[in-house]
Amino acid sequence: SSDLDEQTEAEIMALFSAIHGDTGITIVLVTHTRQLVAYGTRHLAMAGGAFTDTPCSSEAAQELLVGGP
């Protein structure tokens with residue numbers, strides 16, 4: 001998603017959200033763009049060779065955007 005302009009990125013994320021909401025299909029998004037965390041329901045991050053797992057409520061997503069892993 002880093003090569004997309006902001007409008008196209010937002011459109012694709014809205015499409016992913018709609019697909020997940022309508023069908024329940026799991027979508028795995030791998031990105032370096034921290035702002036996209038807010039679209040998820042779960043956030044996995046790798047640090048020091050280990051994964052951390054964080055539910056993505058709007059509050060949790062905000063913490064990740066501000067200064068999380």
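**Patches, pairs and helix ends**

Modeller: Let's start on the surface of this predicted model. Leu15, Ile19, Ile25 and Ile27 make up a nonpolar patch there, and together they have about 320 Å² of accessible area.

Biologist: Happy to start there. What makes Ile27 partly exposed, rather than buried or exposed?

Modeller: Its relative accessibility is 34%. Buried would require under 20% and exposed over 50%, so Ile27 falls in between and counts as partly exposed. A patch member also needs over 30%, and the 34% of Ile27 is enough for that.

Biologist: And where does Ile27 lie?

Modeller: In the loop that runs between α1 and β1, the latter being residues 42-47.

Biologist: Let's step back to the whole chain. Which elements does the chain have, and in what order?

Modeller: There are two helices and two strands, arranged α-β-β-α from the N terminus on. The chain has 69 residues, 16% of which count as buried. It exposes about 5300 Å², with carbon and sulfur atoms supplying 56% of that area.

Biologist: How do you know that the length of helix α1 agrees with its number of residues?

Modeller: Helix α1 covers residues 6-23, which is 18 residues. The expected span is 1.5 Å times one less than the number of residues, so α1 should reach 26 Å, and its end C-alpha atoms are indeed 26 Å apart.

Biologist: What caps the N-terminal end of α1?

Modeller: Asp5 does, through a side-chain oxygen 3.2 Å from the backbone nitrogen of Gln7. The cut-off for a polar contact is 3.5 Å, and 3.2 Å is the distance here. After α1 comes Gly24, which has a positive phi, near 80 degrees.

Biologist: What about Ala14, which is in helix α1: why is it called partly exposed?

Modeller: Ala14 has a relative accessible area of 42%. The middle class lies between 20% and 50%, so Ala14 is partly exposed. Its C-alpha atom is 8.6 Å from that of Tyr39, a residue 25 places away along the chain.

Biologist: On to the charged residues. Why is the pairing of Arg42 and Asp53 called a salt bridge?

Modeller: The side chains meet at 2.8 Å, N to O. The rule asks for a side-chain nitrogen of Lys or Arg within 4 Å of a carboxyl oxygen of Asp or Glu, so this pair meets it. The count by this rule comes to one salt bridge.

Biologist: Which parts of the chain does the pair link?

Modeller: Distant ones: Arg42 sits in strand β1 and Asp53 in strand β2 (residues 50-55), eleven residues apart. Their C-alpha atoms are separated by 7.1 Å.

Biologist: What makes the 2.8 Å between these side chains a polar contact too?

Modeller: Such a contact needs N or O atoms within 3.5 Å, and the side chains of Arg42 and Asp53 are joined at 2.8 Å.

Biologist: How do the two partners compare with the cut-offs: which is exposed and which is partly exposed?

Modeller: Arg42 has 55% relative accessibility, so it counts as exposed, the cut-off being over 50%. Asp53 has 44% and therefore counts as partly exposed.

Biologist: Which residues does Arg42 contact, beyond its neighbours within four places in sequence?

Modeller: Asp53, Thr54, Pro55 and Cys56.

Biologist: Thr54 lies in strand β2. Why is Thr54 called partly exposed?

Modeller: Its relative accessible area is 23%. Buried means under 20%, so Thr54 is partly exposed instead. From Thr54 to Leu44, ten residues away in sequence, the C-alpha to C-alpha distance is 6.4 Å.

Note on methods. Residues are numbered from 1 along each chain as its sequence is written. This is a predicted model: local features need pLDDT of at least 70, side-chain atom pairs count only at pLDDT 80 or more; totals for chains, interfaces and linings use all residues. Side-chain values use heavy atoms; hydrogens and water are left out. Helices (H or I, at least four residues) and strands (E, at least two) are DSSP runs, numbered from the N terminus. A polar contact is a pair of N or O atoms within 3.5 Å; within protein, one must be able to donate a hydrogen and the other to accept it, and residues adjacent in sequence count only if both atoms are side-chain atoms. Patches are made of residues with over 30% relative accessible area and no salt bridge: like charges are joined within 9 Å, nonpolar side chains (Val, Leu, Ile, Met, Phe, Trp, Tyr) within 5 Å. Accessible areas come from the Shrake-Rupley method with a 1.4 Å probe; for residues, only the protein chains shown count as cover. Buried means under 20% relative accessible area, exposed over 50%, partly exposed in between (1.4 Å probe, protein chains only). Contact means heavy atoms within 4.5 Å.
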